[in-house]
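Me: I would like to learn how to read a structure like this one, feature by feature. Could you take me through it?

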Amino acid sequence: MARPGIARKALAAALVAAGIFAVLAYLATPGVPRGVRNLSGGPAKLSAFADENGASVSIEAFRGKVLVLNLWAAWCVPCIQEMPSLDRLAARMPAESFAIVAVNQDKGSEATARHAFKRMNLQTLKLYLDPSRALSREIGTRGMPTTVIFGPLGEPLSYREGAAEWDSEDFVRYLESLSPRAPGPRRTAGASD
């Protein structure tokens with residue numbers, strides 16, 4: 001009969017080994033760029049935000065496309081640093097299959113957002129505004145930038161906190177794998193970490 005202390009140590013060792021295995025399996029997941037976390041669930045219900053002309057826009061407007069929804073602020077240095085890569089990504093991805101949407105989260109300061117956007121000299125991205133920060137609250141952001149990737153049916157597939165090089169080959173391949181129009185097998189949103 002095993003002594004209680006030995007049994008507890010064996011159980012603890014098994015749990016640690018299982019945890020290490022889970023981390024290694026996650027890190028070795030092919031096709032998922034580092035820092036991207038998988039999500040699962042049905043279509044998201046999020047508040048509408050405004051386009052640069054003040055018209056109301058919802059994520060439903062992007063149904064049928066892979067939506068890269070980036071939440072940023074003019075005061076956020078990493079947000080400003082990653083914005084050019086989002087702009088290049090928007091120029092690179094076919095508009096019939098992908099929507100790259102950067103929604104400013106500056107509290108009540110539309111002029112600040114417009115100035116920052118203009119100063120960055122972005123060529124493809126459009127300015128979207130959410131001065132009430134409703135999207136940040138609903139998504140549960142812990143910091144900025146935060147990006148959520150939605151599938152063509154409006155289902156949240158993955159998210160990333162922090163800046164990224166969105167037009168890197170890893171991210172482009174990953175995003176292409178999410179589109180039903182892309183060649184090859186489509187990744188399904190079932191895994192969660």
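Reply: Gladly! Let us start with a term we will need: a residue is called buried when its relative accessible area is under 20%, and exposed when that area is over 50%. Keep in mind that this is a predicted model.

Me: Then let me try it on a strand. Which residues of strand 7 are buried on one side, and which on the other?

Reply: T146, V148 and F150 are buried on one side, while T147 and I149 are buried on the other, so both faces are covered, given the cut-off of under 20%. That makes 5 of the 5 residues of strand 7 buried, so this strand is largely enclosed by the rest of the structure.

Me: How do I read its pairing? In which sense do strand 7 and strand 8 pair, and over how many bridges?

Reply: Look for the bridges between the two. Strand 7 covers residues 146-150 and strand 8 covers residues 156-161; they pair in the antiparallel sense, with 5 bridges. To follow the register, find T146 opposite E161, then T147 opposite R160.

Me: And what links these two strands?

Reply: They form a hairpin, with 5 residues between strand 7 and strand 8. Have a look at G154 in the turn, where phi is positive at about 85 degrees.

Me: Which way does strand 4 run relative to strand 7?

Reply: Strand 4 and strand 7 run antiparallel and are joined by 5 bridges. As a landmark, L67 has F150 of strand 7 as its bridge partner. F150 is also one of the buried residues you met a moment ago.

Me: Now a helix. Which residues of helix 3 are buried, and where do they lie around the axis?

Reply: For a helix, look at where the buried residues point. In helix 3, residues 110-119, the buried ones are A113, A116 and F117. They lie on the same side of helix 3, because the arc they cover around the axis is only 100 degrees. The other side of helix 3 carries the exposed residues A111, H115, K118 and R119.

Me: What covers the buried residues of helix 3?

Reply: The cover includes strand 4 (66-72), strand 5 (98-104) and strand 6 (127-129). After helix 3 comes N121, with a positive phi near 55 degrees.

Me: How many disulfides are there, and which cysteines form a disulfide?

Reply: The count is 1 disulfide. C76 and C79 form it, with sulfur atoms 2.3 Å apart. The torsion about their S-S bond is about 80 degrees, so the disulfide is right-handed.

Me: Are C76 and C79 buried or exposed?

Reply: C76 is buried, at 3% relative accessibility, and C79 is buried too, at 0%.

Me: What does the whole chain look like?

Reply: The protein chain has 5 helices and 8 strands, in the order α-β-β-β-β-α-β-α-β-α-β-β-α from the N terminus. Of its 193 residues, 41% count as buried. Among contacts between residues at least 6 apart in sequence, 72% join residues at least 24 apart.

Me: Where is the pLDDT below 50?

Reply: Begin with the overall picture: the mean pLDDT of the protein chain is 81, and 72% of its residues reach 70 or more. Over residues 10-30, however, the pLDDT is below 50, and this stretch has 4 contacts beyond near neighbours in sequence. Residues 184-193 also stay under 50, and there the model has 25 contacts beyond four places in sequence.

Definitions and conventions: Residues numbered from 1 in each chain as written. Predicted model: local features only at pLDDT ≥ 70, side-chain atom pairs only at ≥ 80, totals over all residues. Heavy atoms only, no water. pLDDT = per-residue confidence, 0-100. Contact = heavy atoms within 4.5 Å. Pairing = 2+ DSSP bridges. Helix = DSSP H or I, 4+ residues; strand = E, 2+ residues; numbered from the N terminus. Buried < 20%, exposed > 50% of the residue type's maximum accessible area, 1.4 Å probe, protein only. Arc of directions from axis to C-beta. Disulfide = S-S within 2.5 Å.
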